[in-house]
Amino acid sequence: MRVGVHINRFDHSGGGPALGAELAAAGAAAEAAGISRLSVMDHYFQMEFNGGAEAPMLEAYTTLGYLAGHTSTIQLGALVTGVTYRHPGLLAKIATSLDVLSGGRATLGIGAAWYDREHEGLGVPFPPLAERFERLEETLRICLQMWDPQANGPFEGKHYKLAETLCVPAPVSSPHPEIMIGGGGEKKTLRLVAKYGDACNLFATSPDEVRHKLDVLRGHCETEGRDYDRIRKTIAYMGESATEGDLDAFLRDIAGYTKLGVDTVILVPRLGEPAAWIESFAAPAVQRLAELD
């Protein structure tokens, strides 16, 4: 099982001026530790349970571009982009630019969006859930069309209409940046994973629940004619043991997931200064999880 780290707070004790150096240090520490992927949240406002809208928040793809310039091997992406945040053609172009400039290290993490306050706060339309899922599927189709060099042409959907789907330069990743669809909704989200996704991301709620979600995904793969084993399974671990640096407790928590085919556990420490934590906790976690294999 590999380890990822998700940077989700920016409340550094040194304030905004300290964030650039902290992020660069976090990227260096993650690569030295053997972390496989580094992600940031994609929100306009900080989430209510994580400090609230008044807490610091950086724009995701600007931050990922900065991290790309301060790293060389680690995979980078948002966990995850809400489909409502950017027009899909622009999103595909942004993700492609990150992939090109990072040398093929971009992941497109995407979901149906949920945080109504940030949409209302900045005047971004927030359609009902059913429509957001329709837009999510169209966005996935648009991204795949833009990443197919033989498929330039119009796109005609219910919600989006593009006269052209040019994307030059093309992604460095082959055949395109990994598409990770976040969420465990059994009727819609996991169906979209089966139809379009290269990876899924589930919350590490319990091994039994994750096992059930993966069984649902397997059923959708059979319906869609997809090879279940070709989809990477990742889980987001938000347990206090990670934030508090209790490695033994973390390993006890995670043990039940190791036999489920989970490829990567993404650690979500609720810390504004992650670099030192990566060195003290995440690096040993990489080694201990490797021993479990």
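Guide: Let's settle one term before we look around: buried means under 20% relative accessible area, exposed means over 50%, and partly exposed covers what lies in between. Keep in mind that this is a predicted model.

Visitor: Fine. Why is Met 238 called partly exposed?

Guide: Its relative accessible area is 35%, and partly exposed is the class between 20% and 50%, so that's the label Met 238 gets. You'll find Met 238 in the loop between β10 (232-237) and α8 (240-244).

Visitor: What makes Met 238 eligible for a nonpolar patch?

Guide: A patch residue needs over 30% relative accessible area and no salt bridge, and Met is on the list of nonpolar side chains. At 35%, Met 238 clears the area cut-off. Its partners in the patch are Phe 49, Trp 114 and Phe 203, and the patch comes to about 450 Å².

Visitor: On to charges. How do you know that Arg 2 and Asp 263 form a salt bridge?

Guide: The cut-off is a side-chain nitrogen of Lys or Arg within 4 Å of a carboxyl oxygen of Asp or Glu. For Arg 2 and Asp 263 the N to O distance is 2.7 Å, so the pair qualifies. Arg 2 lies in strand β1 (residues 2-7) and Asp 263 in the loop between α9 (247-254) and β11 (264-267), so the bridge ties together parts that are 261 residues apart in sequence.

Visitor: And which class do those two side chains fall into, buried or exposed or in between?

Guide: Arg 2 has a relative accessible area of 41% and Asp 263 has 23%. Both values sit between 20% and 50%, so Arg 2 and Asp 263 are partly exposed.

Visitor: What makes a network out of Asp 263 and its neighbours?

Guide: Asp 263 has another salt bridge, to Arg 232, with N and O 2.6 Å apart. This pair also links distant parts of the chain, with Arg 232 in strand β10 and Asp 263 in the loop between α9 and β11, 31 residues apart. Add Glu 178, and you have Arg 2, Glu 178, Arg 232 and Asp 263 linked in a network of salt bridges. Arg 232 has 16% relative accessibility, which is under 20%, so this one counts as buried.

Visitor: How many salt bridges does the structure hold?

Guide: There are 15. One more to look at is Arg 86 with Glu 59, where the closest N and O atoms are 2.7 Å apart. Arg 86 is in the loop between β4 (81-82) and α3 (88-101), while Glu 59 is in the loop between β2 and α2, 27 residues away in sequence. Arg 86 is at 13%, hence buried, whereas Glu 59 is at 35%, hence partly exposed.

Visitor: Now the sheet. How do you know that β2 and β3 pair?

Guide: Pairing needs at least two bridges. Strand β2 (residues 37-40) has four of them to strand β3 (residues 75-78), and the two run parallel. Going from β2 to β3, the chain passes through helix α2 (residues 60-69), a right-handed β-α-β crossover. Val 40 stands opposite Ala 78 in β3.

Visitor: What makes β3 and β5 a pair?

Guide: Two bridges join them, again in parallel, and two is what the cut-off asks for, so β3 and β5 (residues 106-111) pair. In that pairing, Leu 76 has Ala 106 as its bridge partner.

Visitor: Let's go to the helices. Why is Thr 139 called buried?

Guide: Its relative accessibility is 1%, against a cut-off of 20%, so Thr 139 counts as buried. This residue sits in helix α5 (residues 129-146), and touches Val 83, Pro 88, Leu 91, Ile 110 and Tyr 160.

Visitor: What makes Ala 275 and Ala 29 contact partners?

Guide: Contact means heavy atoms within 4.5 Å, and Ala 29 is among the residues Ala 275 touches, along with Glu 22, Ala 25 and Ala 26. The C-alpha atoms of Ala 275 and Ala 29 are 6.2 Å apart, though 246 residues separate the two in sequence. Ala 275 belongs to helix α10 (residues 274-292) and is buried, at 8%.

Visitor: Last stop, the backbone. What is unusual about phi of Ala 113?

Guide: Phi is near 70°, a positive value in a residue other than glycine. Ala 113 lies in the loop between β5 and α4 (116-122) and is buried at 12%. There are cis peptide bonds to see as well: Leu 79 to Val 80, with omega near -15°, and Ser 174 to Pro 175, with omega about 0°.

Methods
Residues are numbered from 1 along each chain as its sequence is written. This is a predicted model: local features need pLDDT of at least 70, side-chain atom pairs count only at pLDDT 80 or more; totals for chains, interfaces and linings use all residues. Side-chain values use heavy atoms; hydrogens and water are left out. Helices (H or I, at least four residues) and strands (E, at least two) are DSSP runs, numbered from the N terminus. A crossover is right-handed if, with the strands pointing away from the viewer, the path from the first strand over the helix to the second runs clockwise. Patches are made of residues with over 30% relative accessible area and no salt bridge: like charges are joined within 9 Å, nonpolar side chains (Val, Leu, Ile, Met, Phe, Trp, Tyr) within 5 Å. Accessible areas come from the Shrake-Rupley method with a 1.4 Å probe; for residues, only the protein chains shown count as cover. Buried means under 20% relative accessible area, exposed over 50%, partly exposed in between (1.4 Å probe, protein chains only). Lists of a residue's contacts leave out its neighbours within four places in sequence.
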